[in-house]
Amino acid sequence: MHPAPSIILFTVLSGFGFGIISIVGLLQFLNQISTVDIVIFSGVGLFFSIIGLISSFFHLANKKNAIKSMSQWQTSWLSREAISSIFCLSIVVGNIGWVFVRDRYISEVGIILFLLSSFTIFTTSMIYAQLKTIPSWNNMLTPAIFIFAALAGGSILLMDYASLVLLLIFGVFQVLFWHTADQSFIYKETSIGTALGFSKNEDIRSFDVAHTSRNYLLNEMVYKVARKHAIKIRYISFFSAFVLPMSLILIFPGNFSVSILVIGSHLVGVYFSRWLFFAEAKHSVSFYYN
Amino acid sequence: MDKEVDATESLGKVSKTTCYMCACRCGIDVHIKDNEVVHIEGNRDHPVNKGVLCAKGASGIFQHKAASRLKKPLLRVGERGEGKFEQISWDEALKIAVEWLSPIRKKSPEKLVFYTGRDQSQSFTGWWAQKFGTPNYAAHGGFCSVNMAAAGIYTMGGSFWEFGSPDWDKTELMLLFGVAEDHDSNPIKRGLGKLKNRGAKVIAINPVRTGYNSVADQWLGIRPGTDGLLVLSIVHTLLKRKKIDLDYLQSFTNSPFLVSVTSTNNSKGLFLKDKDGSPLVIDHFSGELKRFSDKGVKPSLTKSYSNDYGSFKTVFTLLTEKYLDNSYSPKLVAPQCGLKEEQILSLADDIATTAFNKSIYIDQSWVDFRGEKRSGFTGRPVSFHAMRGISAHSNGFQTCRAIHLLQILIGSVDVPGGFRYKPPYPKPFDAHPRPHFKFSPDSELDGPHLGYIGGPEDLAYTEDGKPARIDKGFTWENPMSSHGLMHTVIANCHSGDPYKIDTLFLYMANMAWNSSMNTEETIKKLIERDAETGEYKIPRIIYSDSYYSETVAYADLILPDTTYLERYDCISLLDRPIGEPDQVSDAIRWPVVKPDRDVRSFQDVLLQLGVMLELPGMVDNNKQQIYEDYADYMQMHQRRPGIGPLAGFRGEANTDCGRGDVSLNQIKKYIENGGFWSEKIPMEAQYYKPWNKAYQKWAVEMGFYDKEEPFIFQIYLEPLAKLQNYHQMPDNLKPPKHLYKRIEEKMDPLPIWWSNHDSEKVKKYPIHAITQRPAAMYHSWGSQNVWLRQIHGSNKLFVSEGIWKEKKFKDGDWARLTSENSSIVVPVALMKSQNENTVWTWNAIGKRKGSWALDKNVEEANEGFIINHLISDLLPKNNSGYRYSNSDPITGQAAWYDLLVNIEKVDNPSKVSLPQFPVLSSPVNVGVDKKK
Amino acid sequence: MTKLPKCEDKKLGLLIDLDTCVGCHGCVVSCKEWNSSGGEKQLSDINSHQKDPVGTFLNRVHSYERENSCTNETETFYFPRSCLHCEDAPCVTVCPTGASYKREEDGIVLVNEDDCMGCGLCAWACPYGARELDLVSGVMKKCTLCVDRIYSEDLSPEDRVPVCVKSCPTGARAFGDFNDPNSDVSKKVKERGGVDLMPEMQTKPVNKYLLPRIKSKDFVGSVGSVVEEETDATGLLGWVDRALSKF
C-alpha cells in the first residue's frame, strides 16, 4: 500500500493523542493524577488527536462530504471511528472544563474516558484490520500494535515504570506483527491463480501490461518496497520506538526533559513502523499486476 | 434512483456514419449535442459490425478532437524537417499548388508523384491521378499486403483480407496464418466468437501467441517466413493420403489443363489452346482433345498428350510430381519451420478429416458455367484466413498461393463451411484492368494505373526501355506489383531513378516515421540538397494529413484534412468492399459535425485543384466545373453508364440497386438508411460463385461486371510461365541479365517456397524480429489518443525464453538489436509463448519528439521505439553488385518481416531508446487535459 | 445505506468467457467512452499529452501466460477485470458516508457521488481493484453495470445491456440475471462451470468467469486418424483415374 504521509501522521498522532487521553482517564479513575495534570495532559492529548484528525482530513479527496462519515456506524469502522473520536473528544473537553472550573474531578468520568479513548484507537485499527484484502493487517495484531503504541506513547510523560511495561508489550506485538507479516502463509489461500479463477497453484505470469500508464490502483495499492530497505527501516523503527526510549527511561527515570526526548524518539519510531505497515502491506489486487 | 437512469437523455441526437480507424469500416452511432460529439458506439444494424466496436472505434472521439489536428494550410518557412511553418489561407495554398502542378501537367505529367497512404477513396484518388496524366500513383498497398491481394486475385479471383471470409456459421475447422489484429478485425472477432460458441476448432499458425492466436485450440509457433513450406508439406501429406477433392479439381480448376513440358519449345510452360485461345483438355472418357468449357466434357486430370510441337502434361500431373517430392515430407520440413513432424501430420489429418468426413450438403439446385445442372452445394467445412504475417515476406506471394492451393485441393473455396467471397468478389485477374502508364504532356493517362498483368507484354516500360513508373512497378523486378511500391518512392525520387521528378504529393502516409523502411535514411533523403544547384533533391513536397504527424515537418506545403466525422466519403464497390458473403454492401461517411478549423476534406481539395488545373472529367468542354464537391461527385459521377461510386438507392425513385441512373437524393437515402446500403444474394447464387450461373447473372445485374465472367481457379499460374519465357521477348523488352536466374527460380507457375535468407546471414543474425499491431492501436494515430496512449504508451521487445536465458536478461533490462542495416537500443520483456528464434514488439508505438501534440518527455518518444530503422529498403549488394529492393520478387511487396537481427544485453542503459532524433518544432500546441 | 440488502429478486451481473476473449481492449475503451459521455458523467485523464498520464478506467484487460501442466505448453489468455457486484460486497460495508450501496432490486453495487468523501477505503476493501478514485472529481468511480443503459427508455430494448457487452466484438461478455436459473448466463454457468474470483475472500461475486477450455486436447494422438495407405506419384495418378471413372 502507498505509505501516504497524511494517513501515517493521522494514525501516529491521533493514536498518541488518544493514548494520552486514555492514560489520563485511567489515572483519573485511579485517583493518581492532579487536576492541573488532567487539564494540561488532556489538552496535550486533545491537541495531538485533533492534529491527527486534521491530517486524515487532508487525505480525503472530497472534503465537503466529510461530515457524512458519521452516518454509517452500523457497518463501517471508519464511521465508528469518526463518531467515537468526536464523542470522546467532546467528553475530554467537558472533563477539562469541569476540572478547570471546579478544580476537582469525577473519577468515574476517568474510566469512561479511558474506555472510550481506547475504543477510538481500536476503531482506527479496525479500519485496517477488517480488510481481508491485506492479510498482514487482517488479524488481531493490528489492533494490538495500534492500541499499545498509543498507550505506551501516552504513558511516557504520565507514568514511570508502567510505561516501560507498555513499551515492552508494544515491542513484543510489533515484533510479532512483523514476524507474521513475513510469513509466506499469510497468503495461504490467495494467489494469482485464485485471483483469475483458477486453482491456487497455477503457474501464471503477466506477459504484457494491461496499461503502460500508471493508475489509481498502481499508485495506491501496488506499492513495492525493497526488502533490504524495509529491513533497515525496521531496525531504525525498533531502535527509536523501543530500545532508545526504554534505555533512557531506565537511565533517567522521572526526568521530564529526557521524557520529551523519549517521546520524540518513540514517535519517530512509530512513524517508521507505520510507514512499513503500509509500504509492506500487499493488497490482493497486486496479484493482477504481478 | 432516477438520477442514475436518465443519463441517456443527455446524449443528444444520433447520426449514423462509418468508422475510419481501420479497413473494417464499421457502422457507428455518433451522438451529437450542441454541435459537439459526445458519444460514439457501434451501429447495431450495420452489416459489418452489428453493433460491436473495438477500442479504436470507441475512442474515435479523441481521433476527432485530437490536439494534433492541423488548423490551417501551412507553408514551410524553416528548413525541411524543422517543423517551422507559416499559416496561409486556402486561396494562397491552392494557388501555390496550382503554380507548381500546372507546368508539370503541361510539360511532363510524370514529374508529379502522387501516393496516398491510408486512403479509403482510392478509386477517386486514382481517377484524379489518371486525369492529371501522371503514371506515378498508388496507395499504400505495396507496403501493406499486395502479396495477399495479388496471390488471391491471380489464383482464385479474391483474397483473404476483407475480400472474403470464412463461413462462420458452418465452418468446423479454421486455420489462421500470420494474423494479428488486422484487416477485417471486427468481423473476424465476431466470427471467432461464433466458432467458440459452436465449439468449432481453431488452429493458429503464428510465431507469437497473442490475440486471436491465444484463443485458438491449437497453436503452432512457426518460424517466421516458413509458412509456405509448412503448407506445401500439408499438400504433400494430403496427396500421399489421397485426401483431395477430385470433382472440384476437375470441374473448377485448371488442373486438367495441358502444359507444354518440352524445353526446346518456345511455349514451354504454357497451356495447350485451340486457335481461339481456348484451353484444351483430354476428355477422361473419350480420350479426345476437347475445349475445357464445352458441355459434357469430363476433363482428365492425369492423361498426357503429345503432338508435333512437343509433349504436354496436365497441371495435376505436374503438381503431383512436384509436391510428392520427399523434400516436402513433414519429417524434413518440420525442423525448418521450428515445428515437430507430428504437428504437421496432425494438422493434415485435421484438415482431411474435417473436409471429407464432416462434409456439408445443401440441397439447393444450381447451374454451373457449362450449363449443367447440379443438385446441391457440397461443402468442405475447413476455412482459412491469412494476413500480413504471410504477405510481408519476400516469399509471401508464393506462400499465399500455396495456401490457396491447399484450399482448392480440398475443395473449400466458396463452398458451405469454407472460405466465401464478399461481393463484388470473386473477380478473376483478367477481368481487372491491366496496368496503364502511357503518359504524354497535357493529357490524361491511357487508363487506370494499377492492375494485373497477363504476361510480359503488360509490363510498364517506356519506349526507350526504362521503367515508366517512379516506383519501378510492373517491371521485371516486380512484375505483378498490382498495388505499386510506395516504399521505394522516396528513394527513387531522391536519386532521380528512373527519372527526375518535380513534386512529390503525399496523402496520409507517415513516410518520415513508421511507414518507411530505414526511417533514418529516408529522412535524410527528404532533406538532402543537390550539391550543384543547392535545391532539395526532391524539389517539392505537398502533403495532406489531418494531424501533425512526423511527416508533416518534411513537406513544403500542407493541406490540412478534416477528421472522419467532418467529411463525405464513399466506401465504394469500386474500391475495397465491405459487406458479408451473403450480401453486397457499401456505405458513406458524411459530415455529422462541421469543422471548427479552417480545414477541408482532401477529396474536396483534389476536386478544386482539378478544376483549377482544368483536368478532364472535372471540368467540361467549356472549362466549367462539373462536380461541386466530393459529395456531388459521389452521387453524380459515373464510371460506366449506370455505375457510380455508390451502388445503392440509384435511379429516380432511389429504388435501383447496382445499376441505375444518378440521383440527387442518393446520399440523403444513405443517411436515412443508417449510412449504408446492402442487398442479399439470392440463395441459389450464394455458393460456388465463380461457376454459378445464377450468381454471374446477379453480378451482371448489380453491375460488378458487364458480362458474365465465370472463371476457373489458377492452380497453375500461366502469366508466371510467360514471364519465365522471357528469352522469347525481343531484346529491348528482355529483363536485365542479372534477373534471369531470379525469374527462373522464383516465378514458378506452381506455388513454391524458398528461404528468405542465406545461411551466411543467418549465422550473423540468427533471430527473427517482427512486429504486430496492438488491437487497441492500429495506426500511428493511436499514440495521440488520450485513452489509447494510456494502454499502449510505450513498448518493449518481447524476447523468447531461450534467448532470455542465454543472454541472462532480467526484467528492466535493455538490449541492442542489430541488423545488417542498423542498430537500436530498446527495453526487453520475457514472453514464453513465441517461436524460440523470434523477438517481437508492438508496431508504431514509438513517436518522434515534438510530433502528435505530445510533450517531448512522453514515454512514446523516450522508451517507445520502432524497429523500422533496422529494416533496409534495399538488400545488400549481391554478387554482381546490384542492390535489390527488400521486396517480394514477384509483387514488390515490402518484406517487413524478413528482418533478421542479433541481440545483446546493454550494460548500464541510459533508459532511453535509441536512435533519438532532434525535437520537431510544432505548429500545434501540446495537448492539455480537458473534458472530452 | 451500507447494510447489505438481501437481493432476492434479481442478481444482475456479467459472465465473462476467457476462452473467447482476444484481449482487444474494446470493452475497456467502450466503458470509458460511455461513462465519460455527456451530463455529469466524467472519468478524468491527467497528463493526457504528457509523461505519466493517469486516467480513471472502470474496466481493464490483463494479459497472462499460463503453464498448462497437462500439455506442458505455455498458453496465453486475456482477463477483463471490473466490478463483480458481490453479494457480500466489502466495499459497501466499509463506507463511512453511505455513498457506497448495493441495490436491493437488482444487486448492482453503486456509489452515490453526492455522498462520497473520497477516503478510498472501499477501494482498499475490494479484492479485485474494481474501484478507482477519480483524482479530478475526488469521488470513487466504479462499474455501474451501465445502470443508465439497462433500464433506459431512450435505448432500443436490445441495446439495454452494459456497453461493454454490446461492444465486445467476440461476444465474450454476457449480461443477465444470475438469480434466474433459466437465464442464458445461469445456463452457461451451469453448462461450462462458471467460477468465482478469489472465492476465499467470501465476497460471493455475482459476476462469473468461464475459464479457457482445455486446449490441445486432441493434439497428440490424432495422428493416424485418417488411416490411408500412403502413395507415390504413379499410385496417386492411378487412383485418380479410377476415381474419375466413377463420377
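Start by selecting helix α6 of chain C, residues 184-192: this helix lies across β1, β10 and β11 of chain C and runs at about 115° to β10(C). Bear in mind as you go that everything on screen belongs to a predicted model.

**Stop 1: the sheet under α6(C)**

Keep α6(C) in view and add the strands that it lies across. They form an open sheet of three strands, ordered β10-β1-β11 in chain C, with mixed pairing. Which strands stand at the edges? They are β10 (173-177) and β11 (208-210) of chain C; each has a single partner strand, so one side of each is left without a neighbour in the sheet. Looking along the sheet, you will find neighbouring strands turned by 25° against each other on average, direction ignored.

Now colour β1(C), residues 12-17, together with β10(C): the two pair in the antiparallel sense over five bridges. To pick out one pair of partners, click on Leu12(C), whose bridge partner in β10(C) is Asp177(C).

Before leaving this chain, colour it by confidence. Chain C has a mean pLDDT of 91, and 93% of its residues reach 70 or more. Then select residues 217-227 of chain C, where pLDDT stays under 50. For that stretch the model has 17 contacts beyond four places in sequence. For the model as a whole, the scores are ipTM 0.95 and pTM 0.95.

**Stop 2: where chain C touches chain A**

Show chains A and C together. Here 51 residues of chain C are in contact with 49 residues of chain A. On the chain C side, the elements giving two or more residues are β3 (54-55), β4 (60-68), β5 (73-81), α2 (90-93), α3 (121-125) and β8 (131-133). Which element gives the most? That is β4(C), with eight residues. Colour this side of chain C by residue type and you will see 28 nonpolar, 13 polar and 10 charged residues.

Stay with β4(C) and add strand β1 of chain A, residues 204-208. These two strands pair across the chains in the antiparallel sense, over four bridges. Zoom in on Ile204(A), which stands opposite Arg66(C) in β4(C).

**Stop 3: two helices of chain A**

Next, select helix α1 (residues 5-29) and helix α4 (residues 107-129) of chain A. Their axes come within 7 Å and cross at roughly 155°. An angle over 145 degrees counts as roughly antiparallel, so that is how α1(A) runs relative to α4(A). Turn the view to follow the crossing, in which α1(A) passes α4(A) in the left-handed sense.

Show side chains to see who meets whom. From α1(A), the residues in this contact include Thr11(A), Phe18(A), Ile21(A), Leu26(A) and Phe29(A). From α4(A), they include Val109(A), Ile111(A), Phe114(A), Ser118(A) and Thr124(A). How do the residues of this contact divide? There are 10 nonpolar and 13 polar residues, and no charged ones.

**Stop 4: chain B against chain C**

Hide chain A and bring in chain B. The contact takes 84 residues from chain B and 72 residues from chain C. Colour the chain B side by type: 30 residues are nonpolar, 26 polar and 28 charged.

**Stop 5: a sheet and a helix in chain B**

Within chain B, select the open sheet of three strands ordered β12-β16-β15, which has antiparallel pairing. At the edges stand β12 (258-260) and β15 (305-307), each with a single partner strand, so one side of each is left without a neighbour in the sheet. Neighbouring strands here are turned by 30° against each other on average, direction ignored.

Look next at β16(B), residues 310-314, which is joined to β15(B) by three bridges, the two running antiparallel. Ser306(B) stands opposite Ser311(B) in β16(B). Then add helix α12 of chain B, residues 315-323: this helix lies across β12 and β16 of chain B, at about 75° to β16(B).

**Last stop: β35(B) and its partners**

Finish with strand β35 of chain B, residues 900-906. Two bridges join this strand to β30(B), residues 767-772, and the two run antiparallel. Click on His768(B), whose bridge partner in β35(B) is Leu900(B). Then select strand β32(B), residues 814-818, which pairs with β35(B) in the antiparallel sense over five bridges. In this pair, Trp814(B) stands opposite Val906(B) in β35(B).

Terms used
Residues are numbered from 1 along each chain as its sequence is written. Chains are lettered from A and ligands numbered from 1 in the order in which they are written. This is a predicted model: local features need pLDDT of at least 70, side-chain atom pairs count only at pLDDT 80 or more; totals for chains, interfaces and linings use all residues. Two residues are in contact if their C-beta atoms, placed from the backbone, lie within 7 Å. Ala, Val, Leu, Ile, Met, Phe, Trp, Tyr, Cys and Pro count as nonpolar, Asp, Glu, Lys and Arg as charged, and the others, Gly among them, as polar. Two strands pair if DSSP finds at least two bridges between them. pLDDT is the predictor's confidence in each residue, from 0 to 100. Axes are lines fitted to C-alpha atoms, for helices over the stretch in contact, and angles run from 0 to 180 degrees between N-to-C directions. Angles under 35 degrees count as roughly parallel, over 145 as roughly antiparallel, 65 to 115 as roughly perpendicular and the rest as oblique. A crossing is left-handed if the near helix is turned anticlockwise from the far one by less than a right angle, and right-handed if clockwise.
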